[in-house]
Amino acid sequence: MDTLLLARLQFATTTSLHFLFVTLSLGLVVFVAGMQTAYAVSGKAVYARMTKFWGTLYVINYALGIVTGLVMEFQFGLNWGGLSEVAGNVFGAPLALETLIAFFVEATFLGMWIFGWNRLPKWIHLALIWLVAVAAYASALWVLAANAFLQNPVGHEMRNGRAYLTDFGALLRNDSLTDSLLHVVSAALLAGGLFVAGISAWHFIRRTDEVEVFRRSLRWGVVAAPVGAFSIIHFGFLQEVAIERYQPMKLAVMYQEPARLEAARQLMLQRFGPGDFAPPSWIAIPYQIMMNGAFVLALATLACLVLLFRNWLVRLRVPLYALVVMMPVPFVLVIMGWLVREVGRQPWAVYGLLTTEKAVSDVPPGLVLASYVGFTLVLGLLVVLDYWLIATYARRGPRHTLFGTTLAEPARDRLTAY
Ligand code: HEM
């Protein structure tokens, strides 16, 4: 195998595994912040128990996910020297902002939140989890802004073969950013909703004695999931309208319609001259899986919502099993989405500016193979550890949390101690 193929495989593996953590973090933090707000406003103890239970799972996922982010940075530095040289001046800025926000701002507020239980005033403690949430979404914005530049390079000029940033605002107004960000945020909401609903459903299947915590959690998850699913579909199709403008070939290959393919080929010929500027045709498969998966999830989560309102969700039991089964599906679909977006950009690393072949570092394949095997083992281990820890704490229920305070006594309404 040559350096290019290995570097691409490493990028695909690292990004896919890293994004599993990101999806859950983005999805779950909204629930934790929402539940703590409900507690601060109502004073009902059940919301404190919910916040601590789901917050524990969030902290586990965040702590391990941040390490996978480091691996992302390493493989960028090692394998993509040509990309950094040509476009690093431009997309380095949003990437650096992303790292600063995710590593420093988000981690600092999260640390204060974890250790602030029972120590900080209620409203300050609440503000901290909201700051964690804002920082999480801000870092998603910056990383997607960097990626959108690779998809559709804007706000720059080329001097001596290097891109220089001329308009920072253009990075944020990029055609490839807004709908993509909203598509990803919706996917996180769906994943978070199904995670909360699925684990709550599992506790009902096991006949939990924490009925109040999981009844309310189930309700939150089942309401959020269809909102996320329909929003994904909406922004997914909106993305396609934009892609038609800046990457028509990708869209033609996704749809595999001969007339569209021919029209796109003619456009490529006019723009870049003779050559093969089509991504591999197999991206149509992850695209179909993502799209059909979305329709199935949208209908299934809508059905669960109707059953919830009719009070049949827990009574019928079959929907509870369905919610557990649906839990991992959004995570598979986000990987499909990234395959479409990234492989669909081939043969370009920066669309129209730099081919992937020229973006790769000039390093021996053996070195890339060694880092690929090493980092993939680390990432695989982190995924397994994350799953195991989350499953362990999720199974134990709200009686055990990572935050110093015990929740062993049954919930009393209107806890006075925080
Ligand atoms: C009818 C439903 C859907 C449509 C039409 C759709 C459309 C698309 C398109 C066109 C892309 C590629 C964007 C690009 O290359 O610039 C994409 C990417 C993506 N999709 Fe979907 N999608 C759908 C459902 C889903 C679902 C259910 C999920 C996950 C739960 C998902 C997650 C993603 C992710 C994470 C990406 C990569 C980031 C991005 O471009 O937003 N999509 N989707």
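In the predicted model, a polar side-chain atom of Arg341 is placed 2.8 Å from an oxygen atom of the ligand. Two further side chains make polar approaches to the ligand. An N or O atom in the side chain of His183 lies 2.8 Å from a nitrogen atom of the ligand, and an N or O atom in the side chain of Gln239 lies 3.1 Å from a ligand oxygen atom. Arg341, His183 and Gln239 are among the closest of the 25 residues that surround the ligand, together with Lys250 and Met290.

The ligand occupies the second largest cavity of the model. Several helices contribute to the shell around the ligand: α6 (178-205), α7 (211-246), α8 (248-255), α10 (284-309) and α13 (329-343) each provide at least two residues. The largest share is that of α7, with eight residues. By class, the shell consists of 17 nonpolar, five polar and three charged residues.

Open pockets were also examined. The largest pocket has a computed volume of about 620 Å³. Its lining comprises 18 residues, and those nearest the centre of the pocket are Phe195, Met327, Tyr387, Ile390 and Ala391. At least two lining residues come from each of α1 (3-42), α6 and α15 (365-396). The contribution of α15, seven residues, is the largest share of this lining. In the lining of the largest pocket, 15 residues are nonpolar, one is polar and two are charged. Helix α6 thus appears in two settings, as it supplies at least two residues to the shell around the ligand and at least two to the lining of the largest pocket.

The second largest pocket encloses about 400 Å³ of space. This pocket is lined by 23 residues, with Arg8, Phe11, Ala12, Glu342 and Gln346 lying nearest its centre. Each of α1, α13 and β3 (348-350) supplies at least two residues of the lining, and α1 gives the largest share, seven residues. The lining of the second largest pocket divides into 16 nonpolar, four polar and three charged residues.

Two helices recur in the description of the second largest pocket. Helix α1 provides at least two residues to the lining of this pocket and at least two to that of the largest pocket. Helix α13 likewise supplies at least two residues to the lining of the second largest pocket and at least two to the shell around the ligand.

Conventions. Residues numbered from 1 in each chain as written. Predicted model: local features only at pLDDT ≥ 70, side-chain atom pairs only at ≥ 80, totals over all residues. Heavy atoms only, no water. Near = heavy atom within 4 Å. Polar contact = N/O pair within 3.5 Å; in protein donor to acceptor, adjacent residues only side chain to side chain. 1 Å grid on protein atoms, 1.4 Å probe; cavity = no way out; pocket = protein on both sides within 12 Å on 5 of 7 lines; lining within 4 Å. Sits in = over half its atoms within 2 Å of the grid points. Helix = DSSP H or I, 4+ residues; strand = E, 2+ residues; numbered from the N terminus. Nonpolar A, V, L, I, M, F, W, Y, C, P; charged D, E, K, R; others polar. Points joined across faces, edges and corners; volume = space filled by probe spheres on them.
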